[in-house]
Amino acid sequence: MSLLGTTGTIDRAIETAIREAIPDATEVSVRANGNHFSLRVVAASFEGRSMIQKHRMVLSAVGPFMAGDDAPVHAIDQLVCELPAQGA
């Protein structure tokens, strides 16, 4: 099974994976520069969590895209995790 699923692009596949892992995400922004990506996620479930915990929530969803020799994602260059009030 392809990681791209029916989305057709890696950007959309990453967004879908994050939204599935963090269902209350109100915003998921994925920007690509080759196989390097910048992510911004806004979710209420980040409340009370440390920065490391927030990053782990997102990176656990992105991990499959970074696995293996032919992984479509080489690096996450920037990861911003915000609460809805911060993302406004």
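**Exercise 1. State which elements are included in what covers the buried residues of α1.**

Solution. The cover includes β1, β2 and α2. This is a predicted model. Next, list what is being covered. The buried residues of α1 are Ile10, Ala13, Ile14, Glu15, Ala17 and Ile18.

**Exercise 2. Check the end-to-end length of α1 against its expected span.**

Solution. Start with the count: α1 has 12 residues. The expected span is 1.5 Å times one less than the number of residues. At 1.5 Å a residue, α1 should therefore span 16 Å. Now take the model: the end C-alpha atoms of α1 are 16 Å apart, so the two agree.

**Exercise 3. Describe the largest nonpolar core and say which elements supply it.**

Solution. The core holds 24 residues. Ile14, Ile18, Ile22, Leu39, Val41, Phe46 and Val58 touch the most other members. Two or more residues come from each of α1 (10–21), β1 (25–33), β2 (36–43), α2 (51–62) and β3 (75–82). The top contributor is α1, with 5 residues.

Then follow one member, Leu39. Set aside neighbours within four places in sequence. Leu39 is then in contact with Ile14, Ile18, Ser29, Val30, Val58, Val62, Ile76, Gln78, Leu79 and Val80.

**Exercise 4. Place these details in the whole chain.**

Solution. Count the elements: 3 helices and 3 strands. Read them from the N terminus: α-β-β-α-β-α. Turn to burial: 35% of the 88 residues count as buried. Finally, take contacts between residues at least 6 apart in sequence; 50% of them join residues at least 24 apart. The accessible surface comes to about 5300 Å², with 51% belonging to carbon and sulfur atoms.

Key. Residues numbered from 1 in each chain as written. Predicted model: local features only at pLDDT ≥ 70, side-chain atom pairs only at ≥ 80, totals over all residues. Heavy atoms only, no water. Core = buried A, V, L, I, M, F, W, Y, C linked by side-chain atoms within 4.5 Å. Buried < 20%, exposed > 50% of the residue type's maximum accessible area, 1.4 Å probe, protein only. Helix = DSSP H or I, 4+ residues; strand = E, 2+ residues; numbered from the N terminus. Contact = heavy atoms within 4.5 Å. Areas by Shrake-Rupley, 256 points an atom, 1.4 Å probe, with all protein chains shown as cover.
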